[in-house]
Amino acid sequence: MASPYKIMRLLLFFDLPMTTKEERRIYSKFRKYLINNGFTMIQFSVYVKIFPNRISLFQYIETLKRNLPSRGSIRIMAVTNKQYEKMLILVGDKTIQEENITEDPLVIL
């Protein structure tokens with residue numbers, strides 16, 4: 001198993017306009033892009049993806065930049081898996097996905 005200091009998590013936060021039908025379509029398309037690319041929703045408009053190391057994370061960021069909507073607010077923050085594990089949940093629980101998705105390459109559901 002890899003070191004929790006080498007494994008990275010990419011947190012993605014976004015707010016997209018959803019006033020018009022076209023804006024809702026763009027929102028839906030971006031959300032589907034995130035899910036299809038291995039992101040897991042941890043809260044509304046907050047998604048996370050795990051990477052085996054910093055190199056793969058930074059390579060993916062370049063791919064992500066090419067698939068962003070032209071409007072709205074999108075931010076990312078990279079943290080080590082060790083830092084992510086120290087996140088405090090003040091109200092509520094971990095999502096089912098957070099419970100099942102780990103740095104292990106094999107997940108048994």
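## Surface and burial

The chain exposes about 7900 Å² in this predicted model. Carbon and sulfur atoms supply 56% of that exposed area. The chain has 109 residues, and 31% of them are buried.

## Order of the elements

Four helices and four strands make up the elements of the chain. Read from the N terminus, the order is β-α-β-β-α-β-α-α. The pattern opens with a strand and ends with two helices.

Contacts often span long stretches of sequence. Take the contacts between residues at least 6 apart in sequence: 74% of them join residues at least 24 apart. The residues below give examples of who touches whom.

## Strand β1: R9 and D15

Strand β1 covers residues 8-15. Two of its residues are described here. R9 is in strand β1, and D15 lies in strand β1 too.

Is R9 buried or exposed? R9 has a relative accessible area of 8%. Buried means under 20%, so R9 counts as buried. The side chain of R9 also has a polar partner. A polar contact of 2.7 Å joins it to the side chain of N81.

D15 has a relative accessible area of 54%. Exposed means over 50%, so D15 counts as exposed. Which residues does D15 touch, leaving out those up to four places away in sequence? They are S45, G72 and S73.

D15 also appears in a record. An unreviewed UniProt entry lists D15 under "binding site". That annotation comes from the entry and may be inferred rather than shown by experiment.

## Strand β4: R75

Strand β4 covers residues 73-80, and R75 is found in it. S73, a contact of D15, falls within the range of strand β4. The relative accessibility of R75 is 58%. That value is over 50%, so R75 counts as exposed.

What does R75 contact beyond its neighbours within four places in sequence? The partners are L11, L12 and F13. These three residues fall within the range of strand β1, residues 8-15. One pair shows how the chain comes back on itself in sequence terms. R75 and L11 are 64 residues apart along the chain. Their C-alpha atoms are separated by 8.2 Å.

## Putting it together

Strands β1 and β4 meet through the residues named above. R75 of strand β4 touches L11, L12 and F13. D15 of strand β1 touches S73, among others. Exposure varies along strand β1: R9 is buried, whereas D15 is exposed.

Definitions and conventions. Residues numbered from 1 in each chain as written. Predicted model: local features only at pLDDT ≥ 70, side-chain atom pairs only at ≥ 80, totals over all residues. Heavy atoms only, no water. Buried < 20%, exposed > 50% of the residue type's maximum accessible area, 1.4 Å probe, protein only. Contact = heavy atoms within 4.5 Å. Areas by Shrake-Rupley, 256 points an atom, 1.4 Å probe, with all protein chains shown as cover. Polar contact = N/O pair within 3.5 Å; in protein donor to acceptor, adjacent residues only side chain to side chain.
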